[in-house]
Structures are given as structure tokens and as C-alpha cells.
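Let's take a walk through this model together, starting from one small spot and working outward. Keep the viewer open and click along as we go.

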Amino acid sequence: MKWTVNAEDYIENRLVRITDVLEKHLPKITLAPVRLHTAMRYTVLNAGKRLRPLLVYAAGEAFGANLDQLDNAACAVEFIHTYSLVHDDLPAMDNDDFRRGQASCHKAFDEATAILAGDALQVLAFEVLLAEDSLKLNALQRLQVLAALTRACGSHGMVGGQALEFELLTTNLTIEQLEKIHHLKTGALIRSSVQLGAIIAEINQEQTMQLDRYATCLGLAFQIQDDILDHDTDKTSFSYVVHLGISKAQNKVRELYQQAISALIPFGDKVAPLHWLAKYIIEEKYQSVRGVS
Ligand code: GRG
């Protein structure tokens, strides 16, 4: 399959699409509890880059899934991601006042509302996957999608990575420990986004493993790139730049980016959107929109 759109148009089009899907699944602010629903919409419907939903679309479409089949999975990963940001910004965690170019949820509302908004978004992600129009997927696919996402979110994934970071806070971190934290904390959800697309497109196990190599490299490259961009404000031992120095960290990003792209070679032109997203995540697009994150 040859793609006739260019990268920019592809990304723009899918961003418009996911915004509509997120909007549709969020509770209306006219429904009680109004403050909670207002906070949920406030945290989701803003300047997020939607990298994870874009990955669900790109992986699924490349292997023949319809956009309609991918919408709810794309929406679910963004709800999970947004919940993690809301909770991560809380005073007990990172204590950040700003997120995505606006006051963080607990600053715009209050701590209790932010905790509840995160909780509700997390559950909404799974409700969306179970929703009747979450289609067009057979029962096995639905279970596989649920299993992949739950595993990525819990103590063996994103939350586990955060917990490990706390546990190792006062130790002399090795680069292996740092990598493990980031594979879990950031990488697990990125990998599961690609996996969800693959499950929905019903690709075989070998292809899924190959795509997983792409996603694993991309997840780590994304995190190191984030560390590079945040270097002026983040001097913690959880930063790659602190461990490796800026130039080695940049080399590592380039290396991982190349590895991610190499993993796509067997698939040819049909996976062009996955190439575009790797570039979007790692290169100039990511940096140019970074100011609002
Ligand atoms: C469940 C509380 C809790 C934490 C889990 C994932 C996580 C740990 C916390 C999220 C905060 C964080 C800074 C994670 C590092 C990964 C990262 C750079 C996230 C920001 O992702 P982007 O750049 O954000 O995709 P946007 O705003 O564009 O969606």
C-alpha cells in the first residue's frame, strides 16, 4: 500500500479526528458532578500532542484496520496518559503548577478534584474500550486490547516505573536502572499504543514483535529527548543528560531513532505513518510544539 498523503496532512487529519473522539467520550459539563466533569474536559481538551493515539492509528491503519475500529483504542490511551499527567502534577508527586500551557488540574481546580479527575479518566479509558461501538472488534480482540492496556498501566508498567523512581530516589542510580524506569514509566504506554493498533489490525505474532522493537526504541528515544529538552529545569538523577552528558544523550536519541526506523524495514511503504511519527516525536515537530507541554 502506498500513502498518497504527506506526513503533515496525515498527522493534522488524525489530530482533528482524535479531538472529536475524545470530545464525544468525555462527560458533558451539564451532567453532575459538574466540577469533576469540567476538570476532566479541562485536562484532556487542550494542547496535548496526542502522540499515543497517533501511534494507535498509524500502527492499525498500516496493517489494514479501519479508522472507525481504532478510534476507541486511540481515545483510551490518551485518557490513560492524561490521567497520569494529572496525578503526576499533584503536590505528592512532581508538584507542577503548569501542564500543557495552562494551570495544572489541581491548580485550576483543587487537589481532591484533580485526584478524582485522574481516577475517572483512568476508568473511562476502559469504559470506552468496553463500549458497544467499540466495535467492530471480535470478543478475542477486545480482551487482547484490554489485557495489553491494563498491563501497560499497572505495577508492571507505567505506575510501576513511577514507583521504582521513588524507591531509587536516594540511591546512586545506574544507567540500567534509569533505562528500566523509563521503559516502564514512559515506554510501556507507548508500546501498548502500537500493540493496540496491531491487535485491531489482527497482524501475526512475528510482525507484532517486530513492531514492538520499533515502539520500544521510540519510547526510550522519546524519554531521552524529553530529558534533553528539560535539561535546564531538571537536574535530577533521573535525567539521561545528567548521566550521559548532552552530547552522548543526543547520540543515544539518534541511535534509537535509527533502530526504530530499521525495525520498520520489513514492512515497506505501508508503514510510512510510523516513520512520520518517529520523526514527529523525535525531531523538529516535537520541539516546535514543546513550548506548550
Ligand atoms: C500514574 C501518577 C502516575 C504516574 C505515572 C507517566 C507518568 C508516571 C507520569 C507522567 C509525567 C511524565 C512527565 C512522564 C514522562 C513522560 C513524558 C515526557 C510525558 C509527557 O508526554 P507528552 O510530551 O505530553 O506526550 P503531551 O502533553 O503532549 O501529551
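Start with Ser239, which is buried, its relative accessible area being 1%. This is a predicted model, so keep that in mind for every distance below. You'll find Ser239 in the loop that runs between helix 10 and helix 11 (240–244). Why does Ser239 count as buried? Because the cut-off is under 20% relative accessible area, and Ser239 comes in at 1%. As for what its side chain does there, the side chain of Ser239 reaches the backbone nitrogen of Val241, at 3.1 Å.

Now jump to another serine, Ser104. This one sits in the loop between strand 2 and helix 5 (105–108), and with 1% relative accessibility Ser104 counts as buried. Here the side chain goes for a backbone oxygen: that of Asp96, at 2.6 Å. Which residues does Ser104 touch once you leave aside its neighbours within four places in sequence? They are Asp89, Asp96, Asp97, Phe98 and Arg99.

Hold on to Arg99, since it turns up again around the enclosed spaces. There are two cavities of 30 Å³ or more, and the largest cavity holds about 70 Å³ of space. Its lining is made of 13 residues, and those closest to the centre are Thr43, Asn46, Val86, Arg99 and Cys105. Helix 2 (34–44), helix 4 and strand 2 (102–103) are the elements that give two or more residues to this lining, with helix 4 providing the largest share, three residues. Sort the lining of the largest cavity by class and you get five nonpolar, five polar and three charged residues.

Next comes the open space. The largest pocket has a volume of about 1300 Å³. It is lined by 41 residues, and Leu85, Asp88, Asp94, Arg99 and Lys185 are the closest to its centre. So Arg99 is among the central residues both for the largest pocket and for the largest cavity. Which elements supply at least two residues each to the lining of the largest pocket? The list is helix 3 (51–62), helix 4, strand 1 (98–99), helix 8, helix 9 and helix 10 (205–229). Helix 4 gives the most here, with seven residues. As for chemistry, the lining of the largest pocket splits into 16 charged, 14 nonpolar and 11 polar residues.

Then there's the ligand. It has 23 residues around it, and the ones that come nearest are Lys49, Arg52, His81, Asp88 and Arg100. Asp88 is a name you've already met, as one of the residues closest to the centre of the largest pocket. Three of the side chains are worth clicking on. A polar side-chain atom of Lys49 is 2.7 Å from a ligand oxygen atom, and His81 also places a polar side-chain atom 2.7 Å from an oxygen atom of the ligand. For Arg52, the distance from a polar side-chain atom to an oxygen atom of the ligand is 2.8 Å.

Finish at helix 8, one of the elements in the pocket lining. Helix 8 covers residues 158–167, and its buried residues are Met158, Gly160, Gly161, Gln162 and Glu165. What do these buried residues pack against? Their partners are helix 4 (67–88), helix 7 (139–153) and helix 9 (175–200). That brings you back to helix 4, which also gives the most residues to the lining of the largest pocket.

Terms used:
Residues are numbered from 1 along each chain as its sequence is written. This is a predicted model: local features need pLDDT of at least 70, side-chain atom pairs count only at pLDDT 80 or more; totals for chains, interfaces and linings use all residues. Side-chain values use heavy atoms; hydrogens and water are left out. Buried means under 20% relative accessible area, exposed over 50%, partly exposed in between (1.4 Å probe, protein chains only). Helices (H or I, at least four residues) and strands (E, at least two) are DSSP runs, numbered from the N terminus. Contact means heavy atoms within 4.5 Å. On a 1 Å grid over the protein atoms alone, a cavity is a set of points where a 1.4 Å probe fits but cannot get out, and a pocket is an open set with protein on both sides within 12 Å along at least five of seven lines; lining residues have an atom within 4 Å of a point. Grid points are joined across faces, edges and corners, and a volume is the space filled by probe spheres set on the points. Ala, Val, Leu, Ile, Met, Phe, Trp, Tyr, Cys and Pro count as nonpolar, Asp, Glu, Lys and Arg as charged, and the others, Gly among them, as polar. A residue is near a molecule or strand if one of its heavy atoms lies within 4 Å of it. A polar contact is a pair of N or O atoms within 3.5 Å; within protein, one must be able to donate a hydrogen and the other to accept it, and residues adjacent in sequence count only if both atoms are side-chain atoms.
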